[in-house]
Amino acid sequence: MASLQSAQAGSALGREEAAFVDLVRSFENARSGRQVVIVHLSRLQPQNRRDTQLRTAIASFDGQTRGIGGSMFSLHNGDIAFGFRGAGKDDVEAAIFKLKFLFRDDPLLDGGREEDEPADTFVTWYSVENQFDTLLRVSQRYVQDARAKQDTQSDEAVVVAEESEEPGGDPLTPEILARIETTLASADVSNLMRRQSVCAIIGNAPPQPVFSELFISIADLRQTLLPHVDITSNPWLFQHMTQTLDRRMLSLLVKNDDASVFGDISINLNVNTLLGAEFLKFDDNVKAGMRGTIVLEISLVDIFADIAAFLFARDFAHERGYRLCVDGLGPQTLPFVQREKLGVDLLKLVWSPELARHARGEHGDDFRRRLKRAGETRIILCRCGGTEAIEFGSSLGITLFQGRHIEQLVTEQVRLRSTPGLRR
């Protein structure tokens with residue numbers, strides 16, 4: 001049986017999924033009497049999918065089915081997959097009944113379904129003999145989703161790493177985080193706010209600023225508060241800290257008398273912040289006609305963490321007139337984001353040499369099709385540190401760029417326009 005202990009401990013993302021695929025493939029030449037059941041714990045309400053509840057569910061299912069010689073896999077999204085011989089079906093159904101009783105108050109199990117929804121979407125049964133190809137595709141999809149989640153985390157780590165010019169140091173701990181947040185609650189962070197332009201570049205024309213991203217510099221924040229601590233070392237604690245930075249940024253914008261910070265800008269926000277009181281106060285201070293010039297950037301990791309909360313926040317933001325951008329996309333995660341279905345206005349793709357290799361490799365045609373479907377003019381290629389990034393993006397039809405090299409081009413254009421004798 002797949003290791004329950006390793007699943008509960010959170011082993012390497014994708015390991016359980018890969019083992020599930022291997023099991024299904026091992027059934028190919030011995031299909032008779034084999035069955036696989038998937039318990040969709042991922043479809044439960046968020047309040048019923050906390051870590052402790054999932055661990056309890058896994059332990060319950062494992063204890064009930066341990067004696068029938070099956071193989072259980074705890075998948076990355078919380079689902080349970082279990083392969084076994086048909087003779088053990090009664091034990092499996094008993095285990096599922098216990099889980100249904102455990103989550104009996106969830107709308108998924110208490111009759112709170114849509115009219116066209118199947119009667120039981122909590123469990124899916126597969127007969128290996130009759131549904132082998134379908135089952136194999138399902139198991140492989142879990143692997144793809146796990147890799148997408150892993151790549152999303154990697155892309156976020158790249159973005160964070162580029163923000164920090166002095167990586168390394170002591171790891172971030174909950175105690176240190178508490179000290180940082182206490183300090184940030186009353187600190188003046190206006191001197192840490194930075195602005196970086198998003199520009200349209202078409203052909204050989206000079207860059208035309210479209211809007212500016214406002215953000216608090218992580219590198220400068222670290223240097224100011226705790227230079228000996230690597231505040232990005234723990235992605236989950238860092239993610240929590242960004243919510244505090246969100247609130248400080250919104251507070252700063254509300255107090256700022258400079259009208260330029262309310263027009264043609266983008267700001268990074270967590271979903272929880274967008275649904276919080278600080279954003280409502282910020283919204284009250286924005287003139288109705290200017291909301292359409294403000295872009296709210298949300299990371300893909302944050303969206304995946306609670307898709308229901310994101311959808312609610314998206315509808316609220318759009319109703320108020322804001323535009324939304326999904327931040328932190330890479331070559332592996334772009335295929336899992338359909339801009340129109342997700343209901344967002346822009347996608348932000350992180351430039352890297354790997355991105356270029358991917359676009360020119362065996363998956364290049366599919367990559368280009370997905371860009372075209374998203375709308376090339378709705379994609380921002382960020383982290384552009386040189387001309388290679390612009391040439392790459394332009395070759396794909398991308399017209400919006402952001403990064404240090406773009407800032408240099410904008411600065412040069414300003415210098416040319418303001419210095420007599422240098423105008424072209």
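Exposed means over 50% relative accessible area and buried means under 20%, two words that this tour leans on throughout. The model shown above is predicted. It holds 17 helices and 14 strands, and buried residues make up 47% of the protein's 424 residues. Among contacts with a sequence separation of 6 or more, 69% link residues 24 or more positions apart.

**Helix α10, a helix with two sides**

- Helix α10 covers residues 277-284, and its buried residues are F279, F282 and D283.
- These buried residues fall within an arc of 100 degrees when you look down the axis of α10, so they line one face of the helix.
- A useful reminder here is that an α-helix has 3.6 residues a turn, so residues three or four places apart point the same way.
- Turn to the other side of α10 and you will find A277, K281 and D284, which are exposed.
- What do the buried residues of α10 pack against? Their partners are the helices α8 (235-255), α9 (271-274) and α12 (307-320), together with the strands β9 (265-268) and β10 (294-299).

**Strand β1 and its neighbours**

- Strand β1 runs over residues 34-39 and is mostly covered, with six of its six residues buried.
- In a regular strand the side chains alternate between the two faces of the sheet.
- In β1, R34, V36 and I38 point one way, while Q35, V37 and V39 point the other way, and all of them are buried.
- Strand β3 (residues 80-85) runs antiparallel to β1 and is joined to it by six bridges.
- Strand β4 (residues 123-127) also pairs with β1 in the antiparallel sense, here over five bridges.
- For a landmark in the pairing with β4, look at I38 of β1, whose bridge partner is T124.

**A closer look at Q35**

- Q35 has its place in strand β1, where it stands opposite F84 in β3.
- Why does Q35 count as buried? Its relative accessibility is 17%, and the cut-off for buried is under 20%.
- Leaving aside residues up to four places away in sequence, Q35 touches F82, G83, F84, G86, K89, W125, Y126 and V128.

**How α3 and α4 pack**

- Two packed helices are described by the angle between their axes and the distance between the axes.
- For helix α3 (residues 51-65) and helix α4 (residues 89-102), the angle is about 155 degrees and the axes are 8 Å apart.
- That angle makes α3 roughly antiparallel to α4, and the crossing of α3 past α4 is right-handed.
- On the α3 side, the residues in contact are T56, A57, S60, F61, Q64 and T65.
- They meet D91, V92, A94, A95, I96, K98, L99 and L102 in α4.

**The barrel and a helix beside two of its strands**

- Which strands close into a barrel? There are eight, in the order β6-β7-β9-β10-β11-β12-β13-β14, and their pairing is mixed.
- From one strand to the next, the twist averages 25 degrees.
- Within this barrel, strand β6 (residues 193-200) pairs with strand β7 (residues 208-216) in the antiparallel sense, over eight bridges.
- M193 is a handy place to pick up that pairing, as its bridge partner in β7 is I216.
- Helix α16 (residues 387-395) lies across β13 (379-382) and β14 (400-402), and runs at about 160 degrees to β14.

Conventions:
Residues are numbered from 1 along each chain as its sequence is written. This is a predicted model: local features need pLDDT of at least 70, side-chain atom pairs count only at pLDDT 80 or more; totals for chains, interfaces and linings use all residues. Side-chain values use heavy atoms; hydrogens and water are left out. Buried means under 20% relative accessible area, exposed over 50%, partly exposed in between (1.4 Å probe, protein chains only). Helices (H or I, at least four residues) and strands (E, at least two) are DSSP runs, numbered from the N terminus. The arc is that of the directions from the helix axis to the C-beta atoms. Contact means heavy atoms within 4.5 Å. Two strands pair if DSSP finds at least two bridges between them. Axes are lines fitted to C-alpha atoms, for helices over the stretch in contact, and angles run from 0 to 180 degrees between N-to-C directions. Angles under 35 degrees count as roughly parallel, over 145 as roughly antiparallel, 65 to 115 as roughly perpendicular and the rest as oblique. A crossing is left-handed if the near helix is turned anticlockwise from the far one by less than a right angle, and right-handed if clockwise.
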